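Please open the structure in your viewer and keep the selection tool at hand. The tour below proceeds stop by stop, stating what to select and what is to be found there.

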Amino acid sequence: LEKPQVPSLETARAFAASKHRLFIGGRWVEPLEGRYFASHNPATGNKHADIGEAGQADVDSAVAAARGAMDNPEWSEMKPSLRARLINRLADALEANIDEFAALETLDNGMPVRDAKFFHIPHAIESLRYNAGWATKLNGETIALSGMGTWHAYTLREPVGVVAQIVPWNAPLAMACAKIAPALAAGCAVILKPAEETSLTALRLAQLIEEIGFPAGVFNLLTGFGEPTGAALTAHPGVDKVTFTGSTAVGRLILRAAAGNFKRVTLELGGKTPVIVLPDADPVRAIEGAARAIFTNAGQVCNAGSRLFVHERHFDQVVDGVGKLADAMKLGSGLEADTQMGPVISEVQRDRVRGYVRSGVSDGATLHAGGREIHGDGFFVAPAVLTGTDAEMAVRREEIFGPVLCAMSFADADLDRIAADANASDYGLGAVVWTNDLSTAHKLARKLKAGTVRVNGGGLDPALPFGGFKQSGWGRENGREGIDAYTETKSIAIAL
Ligand code: NAD
């Protein structure tokens, strides 16, 4: 990687310091109740932005604007190729401003700017480009009928309508674009609500959308908290679909709120991903992989590899190796070139993560490495590796969303037993397997109850369906399934 630069830092700081209104119906508007809330830089704890808070009346107005866009032939009858062109233009604009977006993401979320510039923003751009390609390929099919009569029957894929999209703070722009891109490619109208902790890149993105010339109301941005903004959106009868990424607890509330008018619902929720190191794996590669799986983004990743199962042959080497990496990890502001781990998002989250480490130890686990106390400004948590946990401990069962790893050893090579331990969770978002045996990799992958199984690394791509088994979610984002979820199938039958 080239040495990270933060060339647009001053531009990003100036943008953060401006007053941030709501974007509704193609215009920047004051929140109707006139309320703004403070947003903080997690590396310093200082306030760095004033963000408009949308209330019920703003939600009503955004829903009316989005419905208006769906009724406007300029959007509803726009050629798919033109929709694709607009989305690609947005990707180009994002790419042209990548340094500014990376700096903004780091200021707002705390992540190392290198991660923002070389992973998060490029992922957002790729989501836009990938889904732009689908706009011209949303074909139905002709259907051969088997009953009585002679008909010509076929299906159409129509946009589902007005979509409310609610995203969390851990990958703000990447997650927003992974939702916006397929919705716009399918011809829907969007109301995006970023997390209250991280609104800045979504606000800057709305400026680009305004400049690019989408018809008014196709994209609306409502900043604000889960309550009242998110809750009002998910309960609104004028919204046809809700897509949500966040905690399993809020996912449940959203399901209930959506029931009123049977909104279509896609949920990407929490995880407790197992990482399994088999006896034939290369332990050196597994050490790097396991550390990356849990420490990236300070563990604030839905798919973070938070449970490490290592065959006893490699257990000491792998756990010591991951522990050494944890101890040596350079924590600091994401703006510093050599920072490997930034702060967690907030004081509440910092205290929560530290609390899990303490509760693990008081429940009888051993703090094998890391977990050192960190003093000073900013919301920093030292990475920690725990051994000696049992399956009932909170630290093993619950999603921590921080850099805390539970490491366990296993002795046998029976894949059913290994899979049973890995599957012993309410979550089923991801799983990682380290092995050099191709046949074992495929066999174990089939036994794991997870939406994504990665073998020897492997990452995230807008073309690869992503979502959860069990309490990790409903439906899939990305890939063909991701865009299909923004359409309704209409069957048409003509008697011949
Ligand atoms: P959260 O559920 O608290 O908040 C997520 C979003 O929901 C925020 O925008 C918030 O304002 C909004 N919200 C809160 N209450 C709401 C309500 N009653 N109605 C509507 N919206 C409401 O989650 P978080 O703490 O911001 O994010 C961390 C969680 O996100 C973790 O559980 C993590 O696993 C999950 N996550 C999942 C994925 C995935 O793809 N499966 C990806 C990233 C994060």
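Begin with helix α11: its buried residues pack against β13 (274–277), β14 (307–311), α12 (315–328), β17 (404–410) and β19 (430–434). Here helices (H or I, at least four residues) and strands (E, at least two) are DSSP runs, numbered from the N terminus. Two residues are in contact if their C-beta atoms, placed from the backbone, lie within 7 Å. The model is a predicted one: local features need pLDDT of at least 70, side-chain atom pairs count only at pLDDT 80 or more, and totals for chains, interfaces and linings use all residues. Residues are numbered from 1 along each chain as its sequence is written.

**First stop: helix α11**

Select residues 283–295, which make up α11. The residues buried in this helix are A286, I287, G289, A290, A291, A293, I294 and F295. A residue is called buried if 20 or more other C-beta atoms lie within 10 Å of its own, exposed if 12 or fewer, and partly exposed in between, with C-beta atoms placed from the backbone. What span should the 13 residues of α11 have at 1.5 Å a residue? The expected value is 18 Å, and the end C-alpha atoms are 18 Å apart, which agrees. The expected span of a helix is 1.5 Å times one less than its number of residues.

Next, select N297, just after α11. N297 lies in the loop between α11 and β14. Its phi is near 55°, a positive value in a residue other than glycine. Is N297 buried or exposed? N297 counts as buried, because 22 other C-beta atoms lie within 10 Å. Then select A298, in the loop between α11 and β14. The phi of A298 is near 55°, a positive value in a residue other than glycine. A298 is buried because it has 33 C-beta neighbours inside 10 Å.

**Second stop: the sheet of seven strands**

Strands of a sheet pair through backbone hydrogen bonds, either parallel or antiparallel. Two strands are taken to pair if DSSP finds at least two bridges between them. Now select the open sheet of seven strands, whose order is β15-β16-β17-β14-β13-β19-β20, with mixed pairing. Its edge strands are β15 (366–370) and β20 (452–455), each of which pairs on one side only. From one strand to the next, the twist averages 20°.

Within this sheet, display β13 and β14, which pair in the parallel sense over four bridges. V277 stands opposite V310 in β14. Then add α12, which lies across β13, β14, β15, β16 (384–387) and β17 and runs at about 55° to β15. For such angles, axes are lines fitted to C-alpha atoms, for helices over the stretch in contact, and angles run from 0 to 180 degrees between N-to-C directions.

**Third stop: around the ligand**

Select the ligand together with the 30 residues around it. A residue is near a molecule or strand if its C-beta atom, placed from the backbone, lies within 6 Å of it. Which residues come nearest to the ligand? They are G226, G230, G246, E268 and C302. Helices α9 (226–235) and α10 (248–258) each supply at least two residues of this shell. α9 gives the most, with five residues.

By class, the shell has 14 nonpolar, 11 polar and five charged residues. Ala, Val, Leu, Ile, Met, Phe, Trp, Tyr, Cys and Pro count as nonpolar, Asp, Glu, Lys and Arg as charged, and the others, Gly among them, as polar.

While α9 is on display, select P228, which is placed in that helix. A cis peptide bond joins E227 and P228, with omega at about 10°.

**Fourth stop: G468**

Select G468, in the loop between β20 and β21 (469–470). G468 is buried because 27 other C-beta atoms lie within 10 Å. Leaving aside neighbours within four places in sequence, G468 is in contact with E268, L269, G271, Y427, G428, L429, G451 and G473.

**Fifth stop: helix α7**

Select residues 172–186, helix α7. Of its 15 residues, 15 are buried. At 1.5 Å a residue, α7 should span 21 Å, and its end C-alpha atoms are 22 Å apart, which agrees. Just after α7, G187 takes a positive phi of about 95°.

**Last stop: the sheet of three strands**

Finally, select the open sheet with the order β1-β5-β4, in which the pairing is mixed. The edge strands are β1 (19–20) and β4 (36–40), each pairing on one side only. β1 and β5 (residues 47–52) pair in the parallel sense over two bridges. H20 stands opposite I51 in β5.
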